[in-house]
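Trainee: I'm new to this one, so could you pick a single part and take me through it slowly? I'd like a close look at one spot and what surrounds it.

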Amino acid sequence: MTAGLWENWLLPGVWITIQLTLYSAAFATVVAFGIGLARRSPLWIVRFLSGFYVEVFRGTSALVLMFWLAFVMPLAFHWQLFPMWAAVLALGLTYGAYGSEIVRGAVASVAPAQREAAIALSFTPAQRMRRVILPQAIPEMIPPFNNLLIELLKGTALVSAVNVADITFAGQLSRLATGESAQIYSLILVMYFVLAFVLTRLMRLLERRAKAGIGQIPEKRGGALVTRKLSARQETEQSSNLITGGGAQ
């Protein structure tokens, strides 16, 4: 493989893949929190609409949605998106639907006693969510979000179908130019693995810091991270500290 292929196709393709992952992940996170919290709304119409969104975007193909945004929407609505932004929108909407279930489940897992304590202190629903529930739910979201982020990274390979010059698209051009299919596709597999490994390390660092922030101390046992559970007394003290700290702000 020549140096020109690296400089002109593969390395720019890596950068495009990184951008796609970051932009899509940011958009998917906004969608996940918005829809996930809406699914716990006291209003039935909000729960219905958010649930309908989840069912639609979990049940449709991200690739077909990408085609629709890139090729159908300009004809139907006379609104043209750049291929990269059509890809970001399709990936963000699709993976945001999966992420919303993670948010909903993590928020529901917070102990009812802590909600009741916040109500007893006359916190508004927004204050309860921001100061008591989310600080404890977010650390529980990070491991499944890590898996979803890796799936999103691998899902960016779909964008080559709409002519976005990511790693996969660059690999296809390199294969056509050199005929070295085995070498090029093996290299692309390694590139995706390296990117996924880096993302996993960063997410685990974020998880350790998030859990340490609420008093859950991660320990290493046999090379794996294990979170030390708090006793009932420590959980009560943690809840009191979170609420007292929130009320003092």
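Mentor: Let's start with Arg104 and Glu101, which both sit in helix α4, three residues apart, or about one turn of the helix. Keep in mind that this is a predicted model. The side chains of Arg104 and Glu101 meet in a salt bridge, with 3.0 Å from N to O. In general, side chains of opposite charge can pair when their charged atoms come close. Arg104 counts as partly exposed, because its relative accessibility is 30%, and partly exposed means between the 20% and 50% cut-offs.

Now follow Glu101 the other way. Its side chain also meets that of Arg39 in a salt bridge, at 2.4 Å from N to O. This pair links distant parts of the chain: Glu101 belongs to helix α4 (residues 83-108), while Arg39 is in the loop between α1 (3-38) and α2, and the two are 62 residues apart. Arg39 is partly exposed too, at 23% relative accessibility. Put the pieces together and you get one network, with Arg39, Glu101 and Arg104 joined by salt bridges that share partners. The structure holds five salt bridges.

From that loop, step into helix α2, where another of these contacts turns up. Glu55 forms a salt bridge with Arg58, and their closest N and O atoms are 3.0 Å apart. Glu55 and Arg58 are three residues apart in helix α2, so about one helical turn separates them. Glu55 is partly exposed at 48% relative accessibility, and Arg58 is partly exposed at 31%.

Helix α2 has some aromatic company as well. Phe48 and Phe52 both lie in this helix (residues 44-58), four residues apart, about one turn. Phe48 is partly exposed, with 49% relative accessibility. Further along, Tyr53 and Phe57 form a tilted aromatic pair, 4.5 Å centre to centre with 35 degrees between the planes. Tyr53 and Phe57 are likewise four residues apart in helix α2, about one turn of the helix. Tyr53 counts as buried because its relative accessibility is 15%, under the 20% cut-off. Phe57 is buried as well, with a relative accessible area of 17%.

To place all this in the whole, the protein chain has nine helices and two strands. From the N terminus on, the order of elements is α-α-α-α-α-α-α-α-β-β-α. Of the chain's 249 residues, 41% count as buried.

Definitions and conventions
Residues numbered from 1 in each chain as written. Predicted model: local features only at pLDDT ≥ 70, side-chain atom pairs only at ≥ 80, totals over all residues. Heavy atoms only, no water. Buried < 20%, exposed > 50% of the residue type's maximum accessible area, 1.4 Å probe, protein only. Phe/Tyr/Trp six-rings, centres within 6.5 Å; stacked < 30°, edge-to-face > 60°. Salt bridge = Lys/Arg side-chain N within 4 Å of Asp/Glu carboxyl O.
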